[in-house]
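Reader: I've got this one open in my viewer and I'd like a close look at a single part. Could you pick a buried strand residue, walk me through its surroundings, and tie that back to the rest of the chain?

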Amino acid sequence: MAQVEATTERVVAADAEKVFDTLADYSGTRAKLLPEHFSEYEVREGGDGEGTLVHWKLQATSKRVRDCLLEVSEPTDGELVEKDRNSSMVTTWRVTPAGEGRSRVVVTTTWSGAGGIGGFFERTFAPKGLGRIYDVVLARLAAEVEK
């Protein structure tokens with residue numbers, strides 16, 4: 001099983017603290033950032049960053065739905081890590097200053113992919129598909145924090 005990785009980034013016109021706080025607001029803003037690929041969104045514990053437990057279903061393709069139960073941690077300043085209890089998937093959000101009143105947001109998702117020919121296709125196409133989904137999330141994040 002090979003490691004699969006998808007990374008997307010965007011510079012937004014808002015300071016890093018505001019951007020991070022918006023991403024970490026699972027009980028409020030986060031649900032508004034998610035496109036139609038996400039369903040059954042529910043905060044089960046916490047709701048603000050570290051210690052949050054959040055559930056959603058992610059439909060990456062018409063046939064592939066992943067049931068996610070994510071534990072949120074904040075290992076360093078400006079970093080949110082979402083570890084899925086149901087799989088090997090880990091998503092890391094990093095928010096860093098990018099000049100006056102601007103921030104760079106980088107989201108990276110990794111998981112243990114399938115082997116064989118199925119794994120080849122997963123490693124080839126899944127990162128692009130997930131990248132498109134996170135492009136929408138980051139665009140919505142930018143619209144939210146740049147108000």
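Author: Let's set the scene with the secondary structure. This is a predicted model, and its chain has 3 helices and 7 strands. Going along the sequence, the elements come in the order β-α-α-β-β-β-β-β-β-α.

Now the overall form. For 147 residues, a compact globule would have a radius of gyration near 15 Å, and the chain has 15 Å, so the two agree. Along the principal axes, the C-alpha atoms fill a box of roughly 45 × 30 × 30 Å. Buried residues make up 43% of the 147. Of the contacts with a separation of 6 or more, 48% are between residues 24 or more positions apart.

The part I'd zoom in on is T109, which sits in strand β7, residues 103-112. T109 has a relative accessible area of 1%, and the cut-off for buried is under 20%, so T109 counts as buried. Its side chain has a polar partner: a polar contact of 2.8 Å links T109 to the side chain of T91. T91 also turns up in the wider list of residues that T109 touches, leaving out anything up to four places away in sequence. That list runs V4, E5, A6, M89, V90, T91, L130 and Y134. If you'd like a distance to check in your viewer, try T109 to T7: these residues are 102 apart along the chain, yet their C-alpha atoms are separated by 6.5 Å.

Two of the elements around here deserve a visit. Start with strand β1, residues 3-12, where V12 lies. V12 is buried too, because its relative accessibility is 1%. Beyond its neighbours within four places in sequence, V12 is in contact with V19, G101, R102, S103, V105, A142, V145 and E146. There's a long reach along the chain here as well, since V12 and L141 are 129 residues apart in sequence while their C-alpha atoms are separated by 8.3 Å.

V19, one of the V12 contacts, takes you to helix α1, residues 16-24. The buried residues in α1 are A16, V19, F20, T22, L23 and A24. For the spacing, remember that an α-helix has 3.6 residues a turn, so residues three or four places apart point the same way. At the start of α1, a side-chain oxygen of D15 comes within 3.2 Å of the backbone nitrogen of E17.

The other stop is helix α3, residues 116-145, which is where A126 is placed. A126 is partly exposed, with a relative accessible area of 25%. For a sense of span, take A126 and E146: they are 20 residues apart along the chain, and their C-alpha atoms are separated by 30 Å. E146 is also one of the residues V12 contacts.

For a second buried strand residue to set beside T109, go to L53 in strand β3, residues 53-59. L53 counts as buried at 6% relative accessibility. Leaving out residues up to four places away in sequence, L53 touches E42, V43, R44, E45, L69, L70, E71 and R85. From L53 to E82, the C-alpha distance is 9.0 Å, with their positions 29 residues apart in sequence.

One backbone oddity is worth a click while you're there. E40, in strand β2, residues 38-45, has a positive phi of about 55 degrees although it is not a glycine. E40 counts as partly exposed, at 49% relative accessibility.

Last, the surface and the charges. The accessible surface of the chain is about 7,600 Å², and 49% of that belongs to carbon and sulfur atoms. The chain carries 19 positive and 24 negative charges, and the mean positions of the two sets are 8 Å apart.

Technical notes: Residues are numbered from 1 along each chain as its sequence is written. This is a predicted model: local features need pLDDT of at least 70, side-chain atom pairs count only at pLDDT 80 or more; totals for chains, interfaces and linings use all residues. Side-chain values use heavy atoms; hydrogens and water are left out. Helices (H or I, at least four residues) and strands (E, at least two) are DSSP runs, numbered from the N terminus. The radius of gyration is taken over C-alpha atoms; the globule rule is 2.2 Å times the number of residues to the power 0.38. Buried means under 20% relative accessible area, exposed over 50%, partly exposed in between (1.4 Å probe, protein chains only). Contact means heavy atoms within 4.5 Å. Accessible areas come from the Shrake-Rupley method with a 1.4 Å probe; for residues, only the protein chains shown count as cover. Lys and Arg count as positive and Asp and Glu as negative; His and the chain ends are not counted. The place of a charge is taken as NZ of Lys, CZ of Arg, CG of Asp or CD of Glu. A polar contact is a pair of N or O atoms within 3.5 Å; within protein, one must be able to donate a hydrogen and the other to accept it, and residues adjacent in sequence count only if both atoms are side-chain atoms.
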